[in-house]
Amino acid sequence: MTEIIVVTSGKGGVGKTTTAASLGCGLARRGKRVAVLDFDIGLRNLDLIMGCERRVVYDFVNVIHGECTLKQALIKDKRLDSLFVLAASQPRDKDALSAEGVRRVLDELIADHFEYIICDSPAGIEKGAHLSMYYADRAIVVVNPEVSSVRDSDRILGLLASKTARAEKGETRVKEQLLLTRYNPKRVANGEMMSVSDVKEILGIEVVGVIPESPDVLAASNSGTPVIMKTESDVSHAYEDAVARMLGEQLVMRFVDEPKRGFLARMFGG
Amino acid sequence: MGLLAFFRRNNGTATVAKERLRIIVAQERLTRDGPDYLPLLRREILEVIRKYVNVDPETVQITLEREDGHELLELTVALPGRS
């Protein structure tokens with residue numbers, strides 16, 4: 001059985017690629033066979049976040065145009081044996097992807113016994129974003145607790161409900177799950193930032209994970225290591241929890257409350 | 001929550017964000033599945049009404065409901081009270 005998962009958001013810069021890379025790693029660490037596909041044609045990024053940018057020879061569009069085999073284009077992760085990356089093309093125009101081409105690649109991955117195919121969507125609602133979600137079984141909607149991100153996520157939820165293969169064929173709908181990133185419990189406690197429950201209430205779908213705001217994310221991307229591999233970081237634990245929930249485990253949400261502080265600090269804030 | 005945080009909370013903008021989103025998301029969901037002409041229709045109807053009465057564009061609500069077999073287009077305009 002293969003599950004096709006799109007990591008999407010509408011708005012750019014909310015942490016889609018970071019999330020796609022970390023969820024891919026997390027699933028592979030649990031022994032799953034995983035392929036992560038970069039749909040951001042023209043603006044390749046996933047390879048950098050995964051730290052395999054210098055090993056890209058062939059890309060998604062090469063495969064679709066038959067210029068190489070899928071096996072030649074899949075980059076095997078250096079850390080995890082069961083994790084593979086398919087890079088986006090840099091110089092191509094974004095119309096280089098086609099629905100049939102994407103379907104062929106997905107079918108080949110399914111035939112190759114991949115258990116999870118993670119589609120990293122580009123920002124926006126153009127063709128790349130559309131194709132990344134079109135064949136999805138599940139959508140991880142990445143959202144920051146911020147007005148424009150929440151609104152754009154709702155727009156994406158609308159597209160998931162109408163512009164996907166499942167919607168068009170009248171099959172069971174794409175399973176939608178929210179993943180909040182850049183969450184700052186202290187600012188939430190101060191009333192400066194919307195809480196998990198606020199965002200959940202507005203969008204009305206289940207929350208699969210909450211990732212705290214942390215300098216570790218930038219440090220990880222600087223070094224080309226998916227942040228979930230930085231096991232000393234809260235961010236890593238938060239992504240691990242999200243992966244566990246994706247696999248059906250019931251876990252209490254961590255990193256959503258302000259860290260406990262001393263009496264004086266509590267009295268006078270800070 | 002500390003004392004300062006308690007007082008700060010009253011100035012928090014998170015509740016404003018939530019309220020604004022609640023309204024705009026509800027409105028966009030209602031028109032989302034509707035035909036593309038709905039926003040234009042809304043604007044033109046509003047222009048006609050504004051020829052006669054000075055209404056606030058934010059008080060105009062347009063909704064499209066589907067009942068089996070037919071669609072119901074509902075337009076609600078709050079007219080300003082006479083003063």
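**Figure 1. Thr164(A) in the loop between helix 7 and helix 8 of chain A**. In this predicted model, Thr164(A) is found in the loop that links these two helices of chain A. Thr164(A) counts as buried because its relative accessibility is 0%, below the 20% limit for that class. Beyond its neighbours within four places in sequence, Thr164(A) is in contact with Met133(A), Tyr134(A), Leu159(A) and Val174(A).

**Figure 2. Helix 6 of chain A and its covering elements**. Helix 6 spans residues 127–134 of chain A and is mostly covered, with six of its eight residues buried. The buried positions are Gly128(A), Ala129(A), Leu131(A), Ser132(A), Met133(A) and Tyr134(A). The cover over these buried residues includes strand 1 (3–8), helix 5 (99–111), strand 5 (116–120), helix 7 and helix 8 (165–169) of chain A.

**Figure 3. Surroundings of Val6(A) in strand 1 of chain A**. Val6(A) is classed as buried because its relative accessible area is 0%, where the class requires a value under 20%. Leaving out residues up to four places away in sequence, Val6(A) touches Cys119(A), Ser121(A), Ser132(A), Met133(A), Ala136(A), Arg138(A), Ala139(A), Ile140(A) and Leu160(A). One of these contacts, Ser121(A), is separated from Val6(A) by 115 residues in sequence, while the C-alpha atoms of the pair are 6.7 Å apart in space.

**Figure 4. The open sheet of chain A**. Eight strands of chain A form an open sheet with mixed pairing, in the order 3-4-2-5-1-6-7-8. Strand 3 (75–76) and strand 8 of chain A are the edge strands, each pairing on one side only. Strand 2 (residues 34–38) and strand 4 (residues 83–86) of chain A pair in the parallel sense over four bridges, and Leu37(A) stands opposite Leu86(A) in strand 4 of chain A. A parallel pairing over four bridges also joins strand 7 (residues 175–183) and strand 8 of chain A. Here Leu179(A) stands opposite Gly209(A) in strand 8 of chain A. Strand 8 (residues 207–212) of chain A is mostly covered, with six of its six residues buried.

**Figure 5. Helix 7 of chain A against the strands and helix 10**. Helix 7 of chain A lies across strand 1, strand 6 (138–143) and strand 7 of chain A, and runs at about 165° to strand 6 of chain A. The axes of helix 7 and helix 10 (residues 196–203) of chain A come within 10 Å and cross at roughly 35°. The crossing of helix 7 with helix 10 of chain A is right-handed. Helix 7 of chain A contributes Val150(A), Ser153(A), Asp154(A) and Leu157(A) to the contact, and helix 10 of chain A contributes Val199(A), Ile202(A) and Leu203(A). By type, the residues of this contact between helix 7 and helix 10 of chain A comprise five nonpolar, one polar and one charged.

**Figure 6. Asp152(A) in helix 7 of chain A**. Asp152(A) is placed in helix 7, which covers residues 147–162 of chain A. Asp152(A) counts as partly exposed because its relative accessibility is 28%, between the limits of 20% and 50%. Not counting residues up to four places away in sequence, Asp152(A) touches Ser9(A), Gly10(A) and Lys11(A). The C-alpha atoms of Asp152(A) and Ala129(A), 23 residues apart along the chain, are separated by 13 Å.

**Figure 7. Nonpolar cores and the contacts of Leu160(A)**. In soluble globular proteins, nonpolar side chains tend to be buried together. The largest nonpolar core in this model has 59 residues, and those with the most contacts inside it are Leu37(A), Phe60(A), Leu86(A), Leu109(A), Leu160(A), Leu178(A) and Leu180(A). Helix 7 of chain A supplies the largest share of this core, five residues. Leu160(A) touches Val6(A), Met133(A), Ala139(A), Val141(A), Ala167(A), Val174(A) and Glu176(A), not counting residues up to four places away in sequence. Another core, of 38 residues, lies apart from the largest one, and among its members are Cys25(A), Leu27(A), Ile140(A) and Val235(A).

**Figure 8. The elements of chain B**. Chain B has three helices and two strands, which run α-α-α-β-β from the N terminus on. Of the 83 residues in chain B, 20% are buried. Among contacts in chain B between residues at least 6 apart in sequence, 35% join residues at least 24 apart.

Key: Residues are numbered from 1 along each chain as its sequence is written. Chains are lettered from A and ligands numbered from 1 in the order in which they are written. This is a predicted model: local features need pLDDT of at least 70, side-chain atom pairs count only at pLDDT 80 or more; totals for chains, interfaces and linings use all residues. Side-chain values use heavy atoms; hydrogens and water are left out. Buried means under 20% relative accessible area, exposed over 50%, partly exposed in between (1.4 Å probe, protein chains only). Contact means heavy atoms within 4.5 Å. Axes are lines fitted to C-alpha atoms, for helices over the stretch in contact, and angles run from 0 to 180 degrees between N-to-C directions. A crossing is left-handed if the near helix is turned anticlockwise from the far one by less than a right angle, and right-handed if clockwise. Ala, Val, Leu, Ile, Met, Phe, Trp, Tyr, Cys and Pro count as nonpolar, Asp, Glu, Lys and Arg as charged, and the others, Gly among them, as polar. Two strands pair if DSSP finds at least two bridges between them. A nonpolar core is a set of buried Ala, Val, Leu, Ile, Met, Phe, Trp, Tyr and Cys residues joined through side-chain atoms within 4.5 Å.
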